[in-house]
Amino acid sequence: MTVPHFPAPGSTDIALSVRSHERVGERRVDEAWLAATWPEPTTRIVPVAVTRFPVTADGAAVRWHTAEELPAEGLRIFLGVSDGVAYFALVLAQPTDEGRWTTLREVVHTVSKPDAGLMVHAVALAEWHASHRFCPRCGGALRSTAAGHVLVCEECARQQFPRSDPAVIMMVTDESGDRALLGRQAAWPAGRFSTLAGFVDPGESLEEAVVREVAEEVGVQVTDVTYFGNQPWPFPQSLMVGFFARATTTEINVDQDEIEDARWFTREQMRAQAEDGTLVLPGGISISRSLVEAWYGGPLPGSW
Ligand SMILES: [Zn+2]
């Protein structure tokens with residue numbers, strides 16, 4: 001039995017998991033500091049209309065604002081500090097100007113890494129506020145505290161915190177490590193393939209979820225589940241945890257529910273098909289791409 005050589009955890013950069021700002025949690029409850037910092041001309045604020053925010057025309061940067069350029073009302077979220085500059089989001093019902101407003105999903109491949117890291121934080125909280133209007137225990141009204149990071153029930157005082165839903169995403173290789181397993185969903189454009197992925201069940205470990213999801217989706221048994229890295233994926237609130245796993249069986253039986261087709265690829269097949277366009281690999285910002293290229297051993301052409 002040959003054990004494939006998996007890359008060491010942390011050896012590959014994973015986009016969106018960059019550390020873009022210091023979150024300085026103690027400032028979230030420092031009302032005097034927050035009130036004094038908000039109107040400072042150096043403070044940078046991004047207005048967010050649920051999921052949409054202003055960007056430059058080419059989508060390469062967020063259009064940051066100062067407090068005096070923005071409405072006085074709206075929920076203020078303190079994101080953190082970077083290079084001595086304080087960053088906030090202001091949650092609004094509507095865009096405030098005629099310039100380009102977009103979603104993170106639309107610009108995730110073009111926006112600068114520091115802005116992407118800040119917007120992952122901002123949009124995750126804006127979406128959380130939009131979808132959590134009432135207390136889940138008593139139905140009471142909720143009040144935002146901790147600069148947007150905690151919701152407190154006005155009736156029963158129960159606190160709610162933002163959630164991240166763990167999902168596993170895995171690069172499955174055969175016994176030799178020479179072939180990798182990719183699958184595709186029926187709704188995807190022709191040729192698009194990606195690593196398998198799925199949500200973690202309640203009470204289930206990450207490693208168990210990898211084994212179960214691969215068996216359910218493609219009928220392949222895996223072992224040697226090895227951690228790779230992780231990435232926030234705020235669409236709307238996932239944390240993608242990446243693994244390598246070694247298959248002990250190779251016969252594929254797709255479930256035809258989540259997965260329509262799955263195939264084994266050698267490195268040569270993957271490169272040739274990615275070059276001629278018959279295989280379309282995941283985008284550069286996704287941990288799926290990082291997993292594929294970590295196994296392949298370098299960059300591959302094309303993406304969606
Ligand atoms: Zn309540």
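Here is a chat between a visitor and a guide about this predicted model.

Visitor: What kind of model is this, and how are its residues numbered?
Guide: It is a predicted model, where local features need pLDDT of at least 70, side-chain atom pairs count only at pLDDT 80 or more, and totals for chains, interfaces and linings use all residues. Side-chain values use heavy atoms, with hydrogens and water left out, and residues are numbered from 1 along each chain as its sequence is written.

Visitor: How many helices and strands does the protein chain have?
Guide: Helices (H or I, at least four residues) and strands (E, at least two) are DSSP runs, numbered from the N terminus. Counted that way, the protein chain comes to 6 helices and 14 strands.

Visitor: What share of the protein chain's residues count as buried?
Guide: Buried means under 20% relative accessible area, exposed over 50%, and partly exposed in between (1.4 Å probe, protein chains only). Of the 304 residues in the protein chain, the buried share is 47%.

Visitor: Which residues are the protein donors of the zinc ion?
Guide: Donors are N, O and S atoms within 2.8 Å of the metal (3.2 Å for Na, K and Ca); water is not among the atoms, so sites may look incomplete. Here each donor atom is an SG, lying 2.3 to 2.4 Å from the zinc ion. In sequence the donor residues follow the spacing C-x2-C-x14-C-x2-C. They are Cys135, Cys138, Cys153 and Cys156.

Visitor: What geometry does the site of the zinc ion have?
Guide: Four donors count as tetrahedral if all angles lie between 85 and 135 degrees. Ideal angles for four tetrahedral donors are 109.5 degrees. With 4 donor atoms and angles of 97 to 116° among them, the zinc site is tetrahedral.

Visitor: Is Cys138 buried or partly exposed?
Guide: Its fellow donor Cys135 has a relative accessible area of 5%, so Cys135 is buried. Cys138 has 41% relative accessibility, so Cys138 counts as partly exposed.

Visitor: Which residues does His121 touch, not counting those up to four places away in sequence?
Guide: His121 is in helix H3, residues 113–131. With a relative accessible area of 6%, His121 is buried. Contact means heavy atoms within 4.5 Å. On that basis His121 touches His21, Arg23, Arg28, Phe78, Leu79 and His149.

Visitor: How far apart are the C-alpha atoms of Val292 and Ser194?
Guide: Val292 is in helix H6 (residues 287–296), and its relative accessible area is 0%, so Val292 is buried. Leaving aside neighbours within four places in sequence, its contacts include Met171, Thr195 and Leu300. Val292 and Ser194 are 98 residues apart along the chain, yet their C-alpha atoms are separated by 8.4 Å.

Visitor: Which peptide bond is cis, with omega near 5°?
Guide: Look at the loop between strand E12 (222–233) and strand E13 (238–247), where Pro236 has its place. The cis bond runs from Phe235 to Pro236.

Visitor: Where is Ala157, and what is its phi?
Guide: Ala157 is in the loop between strand E7 (150–153) and strand E8 (159–160). Its relative accessible area is 53%, so Ala157 is exposed. Its phi is positive, in a residue other than glycine, and lies near 70°.

Visitor: What is the phi of Asp224?
Guide: Asp224 is in strand E12. With a relative accessible area of 34%, Asp224 is partly exposed. Its phi is another positive value in a residue other than glycine, near 50°.

Methods: Tetrahedral: all angles 85-135°; square planar, octahedral: opposite > 155°, others 65-115°.
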